[in-house]
Amino acid sequence: MTDTTILSRREGLMTADMNGSAVMMDIMTGKYYNLGQVGGRIWEILEEPMTVAALVKKLTDEYDVSAAQCRTDILPFLDTLLERGLLLEG
């Protein structure tokens with residue numbers, strides 16, 4: 001995944017706020033995922049498809065973190081969502 005990779009949410013997923021943490025259910029598989037607070041915010045931001053670079057910019061505008069640290073922190077999370085088929089590339 002590079003800064004120019006465009007990410008979008010897959011259809012058929014429901015999210016809910018559970019005391020500040022986002023919880024997601026995959027309607028097709030019945031699986032639940034706890035995204036946490038920051039993961040939930042990432043999911044909200046990705047309501048519209050965007051590049052990894054744009055996502056990092058948005059997060060660094062909202063949180064006190066450098067772009068390099070933000071990228072390092074979120075790439076494993078994004079990779080996991082892609083591996084589980086919750087996010088799409090392209």
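A salt bridge is counted here when a side-chain nitrogen of Lys or Arg lies within 4 Å of a carboxyl oxygen of Asp or Glu. By this rule, the chain holds six salt bridges. The structure is a predicted model, and all values in this report are computed from it.

**Overall architecture**

Three helices and six strands make up the secondary structure of the chain. Their order along the sequence is β-β-β-β-α-β-α-α-β. The radius of gyration is 13 Å, close to the 12 Å that the globule rule gives for 90 residues, so the chain is as compact as a globular protein of that length. Along the principal axes, the C-alpha trace extends over about 35 × 30 × 20 Å.

Of the 90 residues, 33% count as buried. Among contacts with a separation of 6 or more, 49% come from residues 24 or more positions apart. The exposed surface of the chain amounts to about 5500 Å², of which carbon and sulfur atoms supply 51%.

**Charged side chains**

The chain carries 8 positive and 14 negative side chains. The centres of these two sets lie 2 Å apart. Three of the salt bridges are listed below with the distance between their N and O atoms.

| Salt bridge | N to O distance |
|---|---|
| R10 and D26 | 2.8 Å |
| R41 and E62 | 2.7 Å |
| K58 and E62 | 4.0 Å |

**The pair R10 and D26**

The closest N and O atoms of R10 and D26 are 2.8 Å apart. R10 lies in the loop between β1 (6-9) and β2 (13-18), while D26 belongs to strand β3 (residues 21-26), so this salt bridge ties together parts that are 16 residues apart in sequence. Both R10 and D26 are buried.

**The pairs formed by E62**

E62 takes part in a salt bridge with R41 and in another with K58. The bridge between E62 and R41 has its closest N and O atoms 2.7 Å apart. That pair links distant parts of the chain, with E62 in helix α2 (residues 52-62) and R41 in helix α1 (residues 36-45), 21 residues apart.

The partnership of E62 with K58 lies inside one helix: because the two residues are four positions apart in helix α2, about one helical turn separates them. E62 is partly exposed, with a relative accessible area of 36%, and K58 is also partly exposed, at 37%.

These pairs belong to a wider arrangement. R41, E44, K58 and E62 are linked in a network of salt bridges.

Notes
Residues are numbered from 1 along each chain as its sequence is written. This is a predicted model: local features need pLDDT of at least 70, side-chain atom pairs count only at pLDDT 80 or more; totals for chains, interfaces and linings use all residues. Side-chain values use heavy atoms; hydrogens and water are left out. The radius of gyration is taken over C-alpha atoms; the globule rule is 2.2 Å times the number of residues to the power 0.38. Buried means under 20% relative accessible area, exposed over 50%, partly exposed in between (1.4 Å probe, protein chains only). Contact means heavy atoms within 4.5 Å. Accessible areas come from the Shrake-Rupley method with a 1.4 Å probe; for residues, only the protein chains shown count as cover. Lys and Arg count as positive and Asp and Glu as negative; His and the chain ends are not counted. The place of a charge is taken as NZ of Lys, CZ of Arg, CG of Asp or CD of Glu.
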